[in-house]
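Colleague: I am still learning to read protein models, and I would love a guided look at one part of this one. Could you pick a helix and walk me through its surroundings?

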Amino acid sequence: MKAWRAVRHGQPEDALELAEVPRPEPGAGQLLVRVRAAAANFPDYLLCLGTYQARPALPFTPGVELCGEVVAAGPDVTGFAAGDRVIGAAVFPAGAFAEYAVMHAARSFPAPAGLDDAEAAPFLVTYQTGWFGLHRKARLQAGETLLVHAAAGGVGSGAVQLGKAAGARVIGVVGGPSKVALARELGADVVIDRSAQDVVAVVKEVTAGKGADVVYDPVGGDSFRKSTKCIAFEGRIVVVGFASGDIPQAALNHALVKNYDILGLHWGLYEQLRPDLIRACQRELTGLVAAGQIRPLVTERLPLSGVPDGLRRLGAGMTTGRLVFQP
Ligand SMILES: NC(=O)c1ccc[n+]([C@@H]2O[C@H](COP(=O)([O-])OP(=O)(O)OC[C@H]3O[C@@H](n4cnc5c(N)ncnc54)[C@H](OP(=O)(O)O)[C@@H]3O)[C@@H](O)[C@H]2O)c1
């Protein structure tokens with residue numbers, strides 16, 4: 001089968017080689033799937049660089065998330081049949097940027113019927129992360145103001161939709177005029193272009209000086225620092241990621257004086273420690289898809305050959321919505 005393999009660390013074009021490799025075998029508790037669509041996620045870019053928190057041994061096939069069709073199951077796996085359409089994470093070293101991949105059966109879910117393969121591939125991580133961040137951690141309430149950084153990006157676009165579905169007023173922050181329309185299309189009530197506008201001033205202006213009740217921050221750096229300047233009394237800042245590459249330091253005296261919470265979110269730990277919550281969340285999310293309230297915004301459907309360039313553009317902040325590769 002064809003598979004992209006990271007053979008060294010570096011920018012995706014330098015790190016990745018397209019190779020002909022043997023089809024992987026499913027081990028205990030695993031599924032072998034034919035990849036119908038693989039989503040690009042920021043961690044895939046970091047995995048190429050070798051700067052992600054997990055550092056698989058070289059060579060490995062990146063691609064953390066996919067929609068696949070079950071081909072075979074490990075000896076102890078029940079509840080899946082050949083041909084089932086499933087979504088979930090790929091198990092390294094047999095990642096999703098390939099014709100076949102391996103998934104954990106216990107962490108795979110049926111692909112929602114209302115989504116095609118390309119829409120289903122980026123469904124799990126984006127919306128689960130958004131749901132845990134906004135509901136489990138920040139306890140977002142209807143009528144509150146939610147500020148989403150990188151609102152036209154991967155996890156940000158999901159948070160905008162989930163915020164609207166929860167009855168919040170959503171302010172989206174984007175970097176550049178080309179992303180403004182997209183954030184509006186996703187449902188943001190107010191969109192701030194950080195390249196041209198003062199984020200803090202606009203948030204204060206549209207909230208009559210009160211600030212945002214909840215901030216969803218996949219960016220870090222300046223985005224976090226600005227959030228602390230426009231967070232409301234009893235506000236909650238959810239720390240989702242550091243796409244800017246800048247991990248900011250929190251001034252705890254400031255959090256005390258302004259009376260706000262800083263909430264760390266690591267969705268993968270829920271997968272390991274609270275699979276019950278993951279399953280309950282997935283039932284809710286599937287219901288929201290059926291009700292037409294959330295839907296992944298797939299902006300590019302690319303062939304497998306597009307992986308290195310797609311990841312490079314994702315890492316450089318040049319993409320919007322979700323990029324999906326279809327072998
Ligand atoms: N905590 C968790 O459990 C969890 C789960 C999933 C993902 N994440 C993290 O969430 C982050 C976002 O992932 P994603 O796949 O959704 O990416 P993405 O949002 O599609 O891309 C990152 C976005 O960040 C913004 N950005 C601001 N400064 C940037 C800079 N200096 N360089 C690059 N981008 C910059 C850009 O949007 P604008 O230009 O519009 O600002 C860019 O589009 C990653 O750090 C990822 O690891 C965390």
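The request below is about one helix, and the answer follows it outwards to other parts of the chain.

Colleague: Please take a close look at helix H4: how many of its residues are buried, and which residues does H4 use to meet H11?

Modeller: Happy to. Please keep in mind that this is a predicted model. Helix H4 covers residues 123-137, which makes 15 residues. From its first C-alpha to its last it reaches 20 Å, close to the 21 Å expected at 1.5 Å a residue.

Now to your first point. Of the 15 residues of H4, 12 are buried, so the helix is largely enclosed by the rest of the structure. The buried residues are Phe123, Leu124, Val125, Thr126, Tyr127, Gln128, Thr129, Gly130, Trp131, Phe132, Gly133 and Leu134. After the helix comes Arg139, with a positive phi near 50 degrees.

What is around H4? Two packed helices are described by the angle between their axes and the distance between the axes. Let us start with helix H5, residues 154-165: H4 and H5 pack at about 55 degrees, and their axes are 8 Å apart. That angle makes H4 oblique to H5. The crossing of the two helices is right-handed. On the H4 side, the contact uses Thr126, Tyr127, Thr129, Gly130, Trp131, Gly133 and Leu134. On the H5 side are Gly154, Val155, Gly158, Ala159, Leu162 and Gly163. Sorted by class, this contact has six nonpolar, seven polar and no charged residues.

The second partner is helix H11, residues 275-290, whose axis comes within 10 Å of that of H4 and crosses at roughly 105 degrees. H4 and H11 are therefore roughly perpendicular to each other. Here is your second point: Tyr127, Gln128, Trp131 and Phe132 of H4 meet Ile278, Cys281, Glu284 and Leu285 of H11. This contact divides into six nonpolar residues, one polar and one charged. Tyr127 and Trp131 of H4 are listed in the contact with H5 and also in the contact with H11. A general point helps when you look at such lists: an α-helix has 3.6 residues a turn, so residues three or four places apart point the same way.

From H5 we can step on to helix H2, residues 42-49. Six of the eight residues of H2 are buried, so H2 is largely enclosed by the rest of the structure. They are Phe42, Asp44, Tyr45, Leu46, Leu47 and Cys48. These buried residues pack against strand S1, helix H1, strand S2, H5 and H12. Just after H2, Gly50 has a positive phi of about 85 degrees. In the loop between H2 and strand S4 you will find Pro59, and a cis peptide bond with omega of about -10 degrees joins Leu58 to Pro59.

To finish, look at helix H12, residues 307-315, where Leu311 sits. Leu311 counts as buried because it has 31 C-beta neighbours inside 10 Å. Leaving aside neighbours within four places in sequence, Leu311 touches Pro12, Ala40, Asp44, Tyr45 and Cys48. Asp44, Tyr45 and Cys48 are among the buried residues of H2, which ties this last stop back to the one before.

Definitions and conventions:
Residues are numbered from 1 along each chain as its sequence is written. This is a predicted model: local features need pLDDT of at least 70, side-chain atom pairs count only at pLDDT 80 or more; totals for chains, interfaces and linings use all residues. Helices (H or I, at least four residues) and strands (E, at least two) are DSSP runs, numbered from the N terminus. The expected span of a helix is 1.5 Å times one less than its number of residues. A residue is buried if 20 or more other C-beta atoms lie within 10 Å of its own, exposed if 12 or fewer, and partly exposed in between; C-beta atoms are placed from the backbone. Axes are lines fitted to C-alpha atoms, for helices over the stretch in contact, and angles run from 0 to 180 degrees between N-to-C directions. Angles under 35 degrees count as roughly parallel, over 145 as roughly antiparallel, 65 to 115 as roughly perpendicular and the rest as oblique. A crossing is left-handed if the near helix is turned anticlockwise from the far one by less than a right angle, and right-handed if clockwise. Two residues are in contact if their C-beta atoms, placed from the backbone, lie within 7 Å. Ala, Val, Leu, Ile, Met, Phe, Trp, Tyr, Cys and Pro count as nonpolar, Asp, Glu, Lys and Arg as charged, and the others, Gly among them, as polar.
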